[in-house]
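Here's a walk through one protein model, written for someone who would rather look at side chains than read tables. Keep the structure open and click along.

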Amino acid sequence: MEDKWFIFYEAPWLFLHRSWTGFCIFKVRFEVVGESVKIAEVYVNRDPAQQLNTDHERDACMLGILLDSRAKRDVRNQMLGYIKGESSN
């Protein structure tokens with residue numbers, strides 16, 4: 001099944017929900033630093049009834065894939081590594 005997400009922004013948080021369950025998996029807060037924007041804070045859903053993954057590295061990798069893909073970056077190699085279990089960015 002294709003992995004689908006519902007993503008929306010309500011300042012200062014970006015919410016990333018699994019589209020077929022509606023569960024919020026990631027919350028990302030950004031902050032402006034000079035001329036750029038950086039991630040200041042990330043929350044990951046750890047409710048075992050909503051999210052089975054508990055591996056911080058895999059979460060970081062998936063979040064990177066989601067953000068990079070929305071920025072129109074090529075994530076094919078990242079996704080292949082994620083599928084193979086090579087979760088480092």
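## An odd backbone spot at Lys 72

Lys 72 counts as exposed, with a relative accessibility of 76%. You'll find Lys 72 in the loop between α1 and α2 (76-84). Before going further, keep in mind that this is a predicted model. What is the sign of phi at Lys 72, which is not a glycine? Positive, at about 65°. Most residues other than glycine have a negative phi, which is why a positive value is worth a look.

## A cis bond before Pro 12

There's a second backbone detail to check. The peptide bond running from Ala 11 to Pro 12 is cis, and its omega is near 0°. Most peptide bonds are trans. Pro 12 sits in the loop between β1 and β2.

## The sheet

Now for the strands. Four of them make an open sheet in the order β1-β2-β3-β4, and the pairing is antiparallel. The edges belong to β1 (5-10) and β4, and since each has a single partner strand, one side of each is left without a neighbour in the sheet. Going from one strand to its neighbour, you get a turn of 20° on average, direction ignored.

Zoom in on β3 and β4, an antiparallel pair joined by 8 bridges. To get your bearings there, find Phe 30, which stands opposite Ile 39 in β4.

## The helix on top and the core

What does α1 lie across? The answer is β1, β2 (13-18), β3 and β4, and α1 runs at about 65° to β3.

The largest nonpolar core has 13 residues. Those with the most contacts inside this core are Trp 5, Leu 16, Phe 26, Met 62 and Leu 66. Two or more core residues come from each of β2, β3 and α1. The largest share is that of α1, with 5 residues.

Trp 5 is a good one to click on. Leaving out residues up to four places away in sequence, Trp 5 touches Leu 16, His 17, Arg 18, Ser 19, Ile 25, Phe 26, Met 62, Leu 66 and Arg 70. So the list has charged and polar names in it too, among them Arg 18 and Ser 19.

## Salt bridges

How many salt bridges does a search of the whole structure find? It finds 6. One of the pairs is Arg 29 with Glu 41, whose closest N and O atoms are 2.8 Å apart. This pair links distant parts of the chain: Arg 29 is in strand β3 (residues 24-33) and Glu 41 is in strand β4 (residues 36-44), 12 residues apart. Arg 29 is partly exposed, at a relative accessible area of 22%, and Glu 41 is partly exposed as well, at 25%.

Lys 38 and Glu 31 also meet through their side chains, with an N to O distance of 3.8 Å. That distance makes the list because the cut-off is 4 Å. Lys 38 is partly exposed, with 42% relative accessible area, and Glu 31 is partly exposed, with 31%. Put these together and you have a network of salt bridges linking Arg 29, Glu 31, Lys 38 and Glu 41.

Then there's Asp 59 with Arg 46, whose closest N and O atoms are 2.5 Å apart. Here the link runs from helix α1 (residues 56-70), which holds Asp 59, to the loop between β4 and α1, which holds Arg 46, and the two are 13 residues apart. Is Asp 59 buried or exposed? Asp 59 is buried, with a relative accessible area of 4%, whereas Arg 46 is partly exposed at 31%.

## The cysteines

How many disulfides does the count give? The count comes to 0. The reason is distance: the sulfur of Cys 24 is 19 Å from the closest cysteine sulfur, in Cys 61, and that is too far for a bond. For comparison, the cut-off used for a disulfide is 2.5 Å between the sulfur atoms.

The surroundings of these cysteines can be read off too. Cys 24 is partly exposed, with a relative accessibility of 22%. Cys 61 is buried, with a relative accessible area of 1%.

Conventions
Residues numbered from 1 in each chain as written. Predicted model: local features only at pLDDT ≥ 70, side-chain atom pairs only at ≥ 80, totals over all residues. Heavy atoms only, no water. Helix = DSSP H or I, 4+ residues; strand = E, 2+ residues; numbered from the N terminus. Buried < 20%, exposed > 50% of the residue type's maximum accessible area, 1.4 Å probe, protein only. Pairing = 2+ DSSP bridges. Axes fitted to C-alpha atoms, helices over the stretch in contact; angles between N-to-C directions. Contact = heavy atoms within 4.5 Å. Core = buried A, V, L, I, M, F, W, Y, C linked by side-chain atoms within 4.5 Å.
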